[in-house]
Amino acid sequence: MKIRCIIWALLLSLAGEAFADHGSLKGRILDAQSQEPLAGAFIQVKELSLSTLADEAGNFFLPSLPVGDVELAISFLGYLSQDTILNIRAEQQTELFIALEGGEIQLEAITIEGRPNVKQTMATIQALDLQLRPLQNSQQALQAIPGLFIAQHAGGGKAEQIFLRGFDIDHGTDIQLSVEGMPVNMVSHAHGQGYADLHFLIPETIERVETEKGPYAASKGNFATAGYADFQLKRRLDQNLLEVGLGQFGQQRVLGMMKVLDKKPGQHAYVATELSQHQGYFESPQDFFRLNLLGRYEHSLSPDHRFTLTLSHFQSSWDASGQIPMRAVEQGLISRFGAIDDTEGGDTRRSNLLLQWHHHLPGGGHLRHQFSVSQYQFSLFSNFTFFLEDSINGDQIWQHEDRLLLHGQSEYEQTYQFWNLPMQSRIGLQWRQDHIADSELAQTRNRYERLQSLSRGDIAETNAAVYVDQQIDVSPKVNLQLGLRYDQMQFRYEDALEAQYQWQRLDASLLSPKLQLQVQALPNLNVYLQAGQGFHANDSRSLTHRMPRSMMPRAWGADLGWLWKPSEHFFLQAAVWALRMEQEFVYVGDAGIVEPSGQSMRSGLDLSGRWAMLPWLYADVDLTYSHARSLEGEESFIPLAPVWTGTAGLSVRRESWQASLRGRLLGDRPANEDYSLTAGGYMLLDAVVRRAFGPCYVEIQLENILNTAWEEAQFETTSLLKGETEPVTEIHFTPGTPFQVRAALGWRF
């Protein structure tokens with residue numbers, strides 16, 4: 001007993017001496033003009049190779065600094081860097097407030113020195129990309145994620161089909177999308193599991209995009225297998241904005257963003273609205289219409305307390321020419337822009353309320369709470385097989401649902417020092433509940449005549465989760481992050497077509513470990529290893545069919561990568577990765593059935609480069625290779641899984657004008673399991689030029705400059721046309737946009 005007491009006394013004495021030789025630093029980074037916080041500003045202690053990032057409120061905390069003078073370097077993309085010397089006192093907290101002046105965009109702001117942090121570095125890259133090539137539409141918000149490709153096959157009405165890391169993600173089955181933490185993916189959706197319609201997001205309101213590939217983030221659960229993306233909105237407007245845009249094929253767009261309460265201390269508010277419509281390049285007019293409304297209010301009760309209220313509303317309607325069979329074009333029955341059934345189309349709407357509260361505690365603690373409620377309606381008419389099932393009335397189907405989505409989360413984060421090791425602990429709670437009334441799949445004719453209901457019912461789905469995340473700075477060159485997530489889900493479905501009332505119910509749970517190890521191997525080279533488990537839940541309607549092997553199929557992933565900055569003006573990131581899916585059950589909303597596709601394995605290589613060729617000329621490239629195979633059955637190809645993808649661009653940014661020339665490449669890929677059909681690839685070239693004249697600007701957008709004939713969406717489909725006696729299985733496609741020009745006139749005031 002005495003020996004134990006002596007050992008504990010010695011350890012406590014050593015710990016006391018270690019802490020006595022150190023002090024802490026609490027700081028805040030602001031914009032010198034607006035006095036607004038600069039989230040993501042980089043703070044580095046030069047002589048210690050120690051670094052951190054400012055949070056949403058511009059705050060940062062360094063818990064363990066040696067006593068005496070230390071030199072800090074503060075930088076942020078688009079601002080002039082600033083150095084300062086501070087005197088750290090033993091067992092005391094020093095406070096620092098820094099105001100950065102605006103400046104030119106510099107690649108020097110991307111740094112991999114100090115304690116390595118891949119997420120921080122990639123967030124800076126994302127911010128650089130958004131500043132060099134501003135978004136023109138919500139589709140480009142998705143394309144801002146390196147390696148992600150999209151396909152639209154309803155003229156901008158439906159959510160985009162997404163491709164990433166060897167996945168045909170459909171409309172969102174294997175990527176988690178959110179806006180300020182508010183879910184975008186819809187579970188057990190009428191058109192497919194994970195359906196993620198991001199069209200309610202006005203692109204000019206995006207401040208930054210937080211994204212990561214793979215299932216490695218403890219705070220991300222359902223659908224975050226190939227990765228996730230969280231879109232952060234602007235907290236305030238520097239200027240009001242009015243913009244009017246016109247283009248070919250009847251394109252019209254009006255945008256307005258106005259400041260409100262801008263002169264009240266501690267309070268900011270703005271409203272934004274977007275109105276879009278076009279007829280499309282198809283022979284049958286699309287009559288596309290979209291309206292977006294957004295209001296955002298922020299009240300800072302103090303520098304450490306912030307409350308935010310966001311309200312938004314979105315509605316859209318459209319007609320569509322649908323996916324057409326290749327044989328109909330080759331035989332001259334229709335043109336590339338024609339239709340077999342031009343009565344397709346739909347309408348959708350979504351209203352959101354989001355409440356957020358941030359509270360910064362003394363000593364580096366941070367509390368975040370948020371709650372959101374979304375009211376959502378969806379109606380879609382499609383015809384994929386024409387007269388295969390019904391030779392008289394045709395095969396048109398109607399998918400419909402009315403949903404209430406509730407979501408809440410709380411997170412506590414604490415930065416501290418333990419045994420002289422800087423640490424950051426995070427614990428979070430998440431809860432989501434979906435109530436879906438009258439989810440239906442029905443056969444219709446010419447939209448207005450309902451022939452029969454193929455499936456119909458009510459869905460209630462709940463997901464509760466808790467996660468912990470522990471980050472340890474093992475040394476100035478080694479960072480270790482351990483995470484653990486527990487999800488509990490409840491699936492409920494009432495089949496309205498059954499004669500007797502009965503709720504089908506199943507409860508499931510899953511524990512998902514995460515690991516990230518990051519090492520600064522050389523002063524300009526960081527190496528990282530990520531490994532973890534995620535999941536993609538199945539559709540609640542699968543309870544009425546053959547019971548799936550698991551309602552929460554697991555995904556195991558690993559990344560080995562490196563960040564290399566050989567010079568101040570060049571940056572390179574690369575990763576080799578692998579992802580295995582336990583089971584890929586997919587609800588096929590077009591047919592109202594559950595299709596198991598078995599286990600699968602994907603692996604590949606990602607490569608990204610950024611180069612400041614001149615102070616005003618930037619080059620970027622993102623290349624990916626993916627190898628996707630099914631592990632069950634003789635036919636191992638995964639339909640529509642991308643193999644080669646690539647984007648590259650040149651961006652010019654001068655005082656009064658900027659321009660961007662960008663290319664996109666999607667290689668050939670299998671259209672079915674035995675690769676007897678090929679989904680053809682394409683290469684496109686687009687350009688944007690913007691010229692400012694004082695507070696006004698003119699922007700010209702050129703899409704598909706080479707006027708390439710390309711297929712945007714492609715599927716293997718068995719169909720029967722009028723006059724045919726036997727069905728044909730072949731490629732059905734939606735043609736991509738031909739060359740088109742759009743122009744916009746804007747006024748900032």
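This passage looks at a three-stranded sheet and at two residues with positive phi in a predicted model.

We may begin with the sheet. Its 3 strands run in the order β22-β44-β43, the sheet is open, and the pairing is antiparallel. The edges are taken by β22, covering residues 324-325, and β43, covering 711-719; each has a single partner strand, so one side of each is left without a neighbour in the sheet. The contact between β43 and β44, the latter spanning residues 728-735, is antiparallel and comprises 8 bridges. Within this pairing, Glu716 is matched with Ile731 of β44 as its bridge partner.

The backbone angles offer a second point of interest. Most residues other than glycine have a negative phi. Against that background, Asn707 has a positive phi, near 55°, and is not a glycine. Asn707 lies in the loop that links β42 (696-703) to β43, and β43 is also one of the edge strands of the sheet described above. With a relative accessible area of 47%, Asn707 is partly exposed.

Arg165 likewise shows a positive phi, of about 50°, without being a glycine. The residue belongs to the loop between β9, residues 161-164, and β10, residues 167-168. Its surroundings can be read from the accessible area: Arg165 has a relative value of 9%, under the 20% cut-off, and is therefore buried. Taken together, the two loop residues with positive phi are Arg165, which is buried, and Asn707, which is partly exposed.

Technical notes: Residues are numbered from 1 along each chain as its sequence is written. This is a predicted model: local features need pLDDT of at least 70, side-chain atom pairs count only at pLDDT 80 or more; totals for chains, interfaces and linings use all residues. Side-chain values use heavy atoms; hydrogens and water are left out. Two strands pair if DSSP finds at least two bridges between them. Helices (H or I, at least four residues) and strands (E, at least two) are DSSP runs, numbered from the N terminus. Buried means under 20% relative accessible area, exposed over 50%, partly exposed in between (1.4 Å probe, protein chains only).
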